[in-house]
Amino acid sequence: YRGAASATGYRGAASATGDQGAASATGYRGAASATGPGGAAMASGYEGKVMGSEGNAIFLVERDDNNKIIAVFAGIAGQGGVKADTWYALKGGQIIEVAK
């Protein structure tokens, strides 16, 4: 309940499965997922990806090859064209579906 998970290393993975949990991945190609009710997942590293269950918040940061932030995205899984239980990355300022 309200737990937090963080991954900072190369291809690290963080997942939040409890109620209102938060997961963040800040490393190179990190992955974050939130599957508990009211959760949030954020990937802010280079080529990061996120996934959220229905109603969970997802946040993405896109970086160029020099790690400069060039775009951001925030959405809610299951709303506004963002599918629940689907992995996403940010490319060219747009979310794209990616493989797990």
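**Figure 1. Burial and overall dimensions of the protein chain.** Buried residues account for 42% of the 100 residues in the protein chain. Buried means under 20% relative accessible area, exposed over 50%, and partly exposed in between (1.4 Å probe, protein chains only). This is a predicted model, in which local features need pLDDT of at least 70 and side-chain atom pairs count only at pLDDT 80 or more, while totals for chains, interfaces and linings use all residues. Residues are numbered from 1 along each chain as its sequence is written, and side-chain values use heavy atoms, with hydrogens and water left out. The C-alpha trace spans about 35 × 30 × 20 Å along its principal axes. The radius of gyration of the protein chain is 12 Å, which agrees with the value near 13 Å for a compact globule of 100 residues. That radius is taken over C-alpha atoms, and the globule rule is 2.2 Å times the number of residues to the power 0.38.

**Figure 2. Surface and charges of the protein chain.** About 5300 Å² is exposed by the protein chain. Carbon and sulfur atoms supply 50% of that area. Accessible areas come from the Shrake-Rupley method with a 1.4 Å probe; for residues, only the protein chains shown count as cover. The protein chain has 9 positive and 8 negative charges, and their mean positions are 5 Å apart. Lys and Arg count as positive, Asp and Glu as negative; His and the chain ends are not counted. Each charge is placed at NZ of Lys, CZ of Arg, CG of Asp or CD of Glu.

**Figure 3. Strand content and contacts along the chain.** The protein chain has zero helices and 10 strands. Its pattern along the sequence reads β-β-β-β-β-β-β-β-β-β. Helices (H or I, at least four residues) and strands (E, at least two) are DSSP runs, numbered from the N terminus. Take the contacts between residues at least 6 apart in sequence: 16% of them join residues at least 24 apart. Contact means heavy atoms within 4.5 Å.

**Figure 4. Strand 2 and its pairing with strand 4.** Strand 2 covers residues 13–16, and its side chains alternate. Ala14 and Ala16 point to one face and are buried. Ala13 and Ser15 point to the other face and are not buried. Strand 2 pairs with strand 4 (residues 31–34) in the parallel sense, over four bridges. Two strands pair if DSSP finds at least two bridges between them. Ser33 in strand 4 stands opposite Ser15.

**Figure 5. Strand 3 and its partners, strands 1 and 5.** Strand 1 (residues 4–7) and strand 3 are parallel and share four bridges. Ala23 in strand 3 is the bridge partner of Ala5. Strand 3 also runs parallel to strand 5 (residues 40–43), joined by four bridges. Here Ala22 has Ala40 of strand 5 as its bridge partner.

**Figure 6. Surroundings of Ser24.** Ser24 lies in strand 3, residues 22–25. Its relative accessible area is 18%, so Ser24 is buried. Beyond its neighbours within four places in sequence, Ser24 is in contact with Ala5, Ser6, Ala7, Ala14, Ala32 and Met42.

**Figure 7. Two residues with positive phi, Arg2 and Gln20.** Arg2 is not a glycine, yet its phi is positive, about 55°. Arg2 sits in the segment before strand 1. With 53% relative accessibility, Arg2 counts as exposed. Gln20, also a residue other than glycine, has a positive phi near 55°. The loop between strand 2 and strand 3 holds Gln20. Gln20 is partly exposed, with a relative accessible area of 39%.

**Figure 8. Surroundings of Val61.** Val61 is part of strand 7 (residues 57–63). Val61 is buried at a relative accessible area of 15%. Leaving aside neighbours within four places in sequence, Val61 is in contact with Ala43, Ser44, Gly45, Ile69, Ala71, Val72 and Leu90. Val61 and Tyr46 are 15 residues apart along the chain, and their C-alpha atoms are separated by 8.0 Å.

**Figure 9. Surroundings of Leu90.** Leu90 belongs to strand 9, residues 88–91. Leu90 counts as buried, at 6% relative accessibility. Not counting residues up to four places away in sequence, Leu90 touches Leu60, Val61, Glu62, Ala71, Val72, Phe73 and Ile95. From Leu90 to Gly78 the C-alpha distance is 17 Å, across 12 residues in sequence.
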